[in-house]
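Let's take a walk through this structure together, one pair of packed elements at a time. Have the sequence and the model open as you read.

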Amino acid sequence: EGDAGDDFYMIVFGEVAVSVDGKNIQELGRGRYFGEIALVVEETKRTATCKATTNTVLLSMSKASFRKFFADRPEALADTELKIAGDKCHILSIIYHPKGIELFINFLKKQYAEESIDFWQQVRSYRKWVQTLNLENANDHKLVQARAKKLFNNFIVEGSKQQVNIADNTVEAISKEVKDDNATATTFARAEMEVVKLMWGDKLSPFKKSEEFKELMDSVGSYDIDAKTRKAGGKKKRRASVDLMAV
């Protein structure tokens with residue numbers, strides 16, 4: 001209790017006693033688990049002490065392994081993180097969750113600020129689509145260049161109706177690839193990450209105070225984490241830890 005947490009444990013056999021402030025609160029047996037809060041709530045401490053009371057065998061999973069396991073299952077990870085982290089969740093948990101992104105878009109529309117999430121959805125779809133094609137094939141190459149130009153004109157060109165706020169050097173790099181008919185699956189990758197960071201910094205906190213976020217929490221079901229733990233978690237604002245190019 002009070003130590004930094006970084007691993008999740010499941011009991012293969014044996015028994016583990018759980019205590020808080022020195023008082024035994026429950027006994028865990030085969031198939032039960034503990035330590036899951038530390039997997040998704042950043043910068044939190046262990047909320048209890050767990051001690052084997054018999055010869056016990058545990059399976060453990062680190063935070064890094066947990067995220068690697070879910071690397072190509074972002075929707076499943078999002079649901080798990082929303083349940084456990086609650087209002088300490090990060091932006092990816094929201095936008096990868098089907099209900100989360102629906103409510104986040106509704107929130108942004110009220111602020112007339114949905115261009116970033118529209119861009120993120122469309123370039124992610126573009127990236128995953130291009131990965132299924134063969135750019136050495138003339139027809140596939142032509143299709144990719146056409147779609148890349150459309151995205152560029154709709155979101156990147158100065159003065160476009162849905163222009164997104166990304167760095168000048170990112171715009172220049174995209175512009176060169178598009179104009180040279182050399183667009184690939186990664187053409188918009190840097191811009192994709194930039195808009196996620198932008199939404200993280202500008203929109204996440206207001207969203208968590210909205211009725212839409214309350215509805216999201218009600219729909220996923222909250223995990224029983226006490227107020228002390230929630231307050232301790234998330235003190236340091238971390239950037240997205242999931243590789244956007246993998247999901």
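**Helices and sheets, step by step**

Start where Asn169, Thr170, Ala173 and Ile174 of helix α8 meet Arg190, Ala191 and Glu194 of helix α9. Sorted by class, the residues of this α8–α9 contact are three nonpolar, two polar and two charged. Please keep in mind that you are looking at a predicted model.

Now step back to see the two helices as a pair. In general, two packed helices are described by the angle between their axes and the distance between those axes. Here, α8 covers residues 168-179 and α9 covers residues 189-202; they pack at an angle of about 150 degrees, and their axes lie 9 Å apart. Angles over 145 degrees count as roughly antiparallel, so α8 and α9 are roughly antiparallel to each other. Their crossing is left-handed.

A second helix pair is worth a visit. Helix α5 (residues 98-110) packs with helix α11 (residues 211-220) at an angle of about 170 degrees, with 9 Å between their axes. By the reasoning used above, α5 and α11 are therefore roughly antiparallel to each other. Which residues bring α5 and α11 together? From α5 come Lys99, Gly100, Leu103, Asn106, Phe107 and Lys110, and they meet Glu212, Glu215, Leu216 and Ser219 in α11. In this contact of α5 with α11, three residues are nonpolar, three are polar and four are charged.

Let's turn to the strands. As a reminder, strands of a sheet pair through backbone hydrogen bonds, and they can do so in a parallel or an antiparallel way. One open sheet here has three strands in the order β4-β1-β6, with antiparallel pairing. Its edge strands, β4 (33-34) and β6 (57-62), each pair on one side only. To follow one pairing in detail, find strand β1 at residues 7-13: six bridges join β1 to β6, and the two run antiparallel. Within that pairing, methionine 10 stands opposite leucine 59 of β6.

There is another open sheet of three strands, and this one has the order β3-β2-β5, again with antiparallel pairing. Which strands form the edges of this sheet? They are β3 (23-28) and β5 (49-52), each of which pairs on one side only. From one strand to the next, the twist averages 30 degrees. Strand β2, at residues 16-20, pairs with β3 in the antiparallel sense over five bridges. If you would like a spot to zoom in on, try valine 18, whose bridge partner in β3 is glutamine 26.

Note on methods. Residues numbered from 1 in each chain as written. Predicted model: local features only at pLDDT ≥ 70, side-chain atom pairs only at ≥ 80, totals over all residues. Heavy atoms only, no water. Pairing = 2+ DSSP bridges. Helix = DSSP H or I, 4+ residues; strand = E, 2+ residues; numbered from the N terminus. Axes fitted to C-alpha atoms, helices over the stretch in contact; angles between N-to-C directions. Parallel < 35°, antiparallel > 145°, perpendicular 65-115°, else oblique. Left-handed = near helix turned anticlockwise from the far one by under 90°. Contact = heavy atoms within 4.5 Å. Nonpolar A, V, L, I, M, F, W, Y, C, P; charged D, E, K, R; others polar.
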